[in-house]
Amino acid sequence: MENKHVLTLDSQKVLSITNALEVLSFSDREIRIKLKDNTVLTAQGSELKITCFDDKNGTFTAVGNFTIVKYRTGVDGLIKRVLK
């Protein structure tokens, strides 16, 4: 079963994600989050702050001025999808 997630970006100010596994790195300009499906989400902007991260239930929330949100799937995920 896949670990699907939900991403909500409210007025480019509040970013909320479900099924977050780990915060890989963060600064006031960039946050990198690993999701339970091994996808890495990168959010960029200014004045970024993590306001909530609960690794038990996978919730993550950050505030700031978000300008870019992008996903990167690992090589393993790509190979699995190609060979399906």
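Here are four short exercises with worked solutions on the predicted model above.

**Exercise 1: the overall layout**

Work out which secondary structure elements the protein chain has, and in what order they come.

*Solution.* Start with the tally: the protein chain has six strands and one helix. Next, read along the sequence, where the pattern is β-β-β-β-β-β-α. Then turn to the contacts between residues at least 6 apart in sequence: 43% of them join residues at least 24 apart. Finish with the surface, which comes to about 5,700 Å², with 52% of it belonging to carbon and sulfur atoms.

**Exercise 2: the nonpolar core**

Find the residues of the largest nonpolar core and the strands that each supply at least two of them.

*Solution.* First, a wider view: 24% of the 84 residues in the protein chain are buried. The largest nonpolar core has 12 residues in all: Leu15, Ile17, Ala20, Ile31, Ile33, Leu35, Leu41, Ala43, Leu48, Phe60, Ala62 and Phe66. The strands that each supply at least two residues of this core are β2 (14–17), β4 (30–35), β5 and β6 (59–73). Now pick one core member, Leu48, and list its contacts. Setting aside residues up to four places away in sequence, Leu48 touches Ser27, Asp28, Arg29, Glu30, Ile31, Ala43, Val63, Gly64, Asn65 and Phe66.

**Exercise 3: two threonines in one strand**

Decide whether Thr39 and Thr42 are buried or exposed, and find what surrounds them.

*Solution.* Begin with Thr39, which lies in strand β5. Its relative accessible area is 8%, and buried means under 20%, so Thr39 is buried. The side chain of Thr39 makes a polar contact of 2.9 Å with that of Asp37. Beyond residues up to four places away in sequence, Thr39 touches Ile33, Lys34, Tyr71, Arg72 and Thr73.

Move on to Thr42, also placed in β5. With a relative accessible area of 11%, against the cut-off of 20%, Thr42 is buried as well. Leaving out neighbours within four places in sequence, Thr42 is in contact with Glu30, Ile31, Arg32, Ile68, Val69 and Lys70.

**Exercise 4: a nonpolar patch on the surface**

Explain why Ile50 can belong to a surface patch.

*Solution.* Locate Ile50 first: its place is in strand β5 (residues 39–54). Then check its exposure: a relative accessible area of 33% makes Ile50 partly exposed. Patch residues need over 30% relative accessible area, so Ile50 passes that cut-off. Last, name the patch: Ile50 joins Phe26 and Phe53 in a nonpolar surface patch of about 290 Å².

Methods: Residues numbered from 1 in each chain as written. Predicted model: local features only at pLDDT ≥ 70, side-chain atom pairs only at ≥ 80, totals over all residues. Heavy atoms only, no water. Patch = residues over 30% accessible without salt bridge, like charges linked within 9 Å, V, L, I, M, F, W, Y side chains within 5 Å. Areas by Shrake-Rupley, 256 points an atom, 1.4 Å probe, with all protein chains shown as cover. Salt bridge = Lys/Arg side-chain N within 4 Å of Asp/Glu carboxyl O. Helix = DSSP H or I, 4+ residues; strand = E, 2+ residues; numbered from the N terminus. Buried < 20%, exposed > 50% of the residue type's maximum accessible area, 1.4 Å probe, protein only. Polar contact = N/O pair within 3.5 Å; in protein donor to acceptor, adjacent residues only side chain to side chain. Contact = heavy atoms within 4.5 Å. Core = buried A, V, L, I, M, F, W, Y, C linked by side-chain atoms within 4.5 Å.
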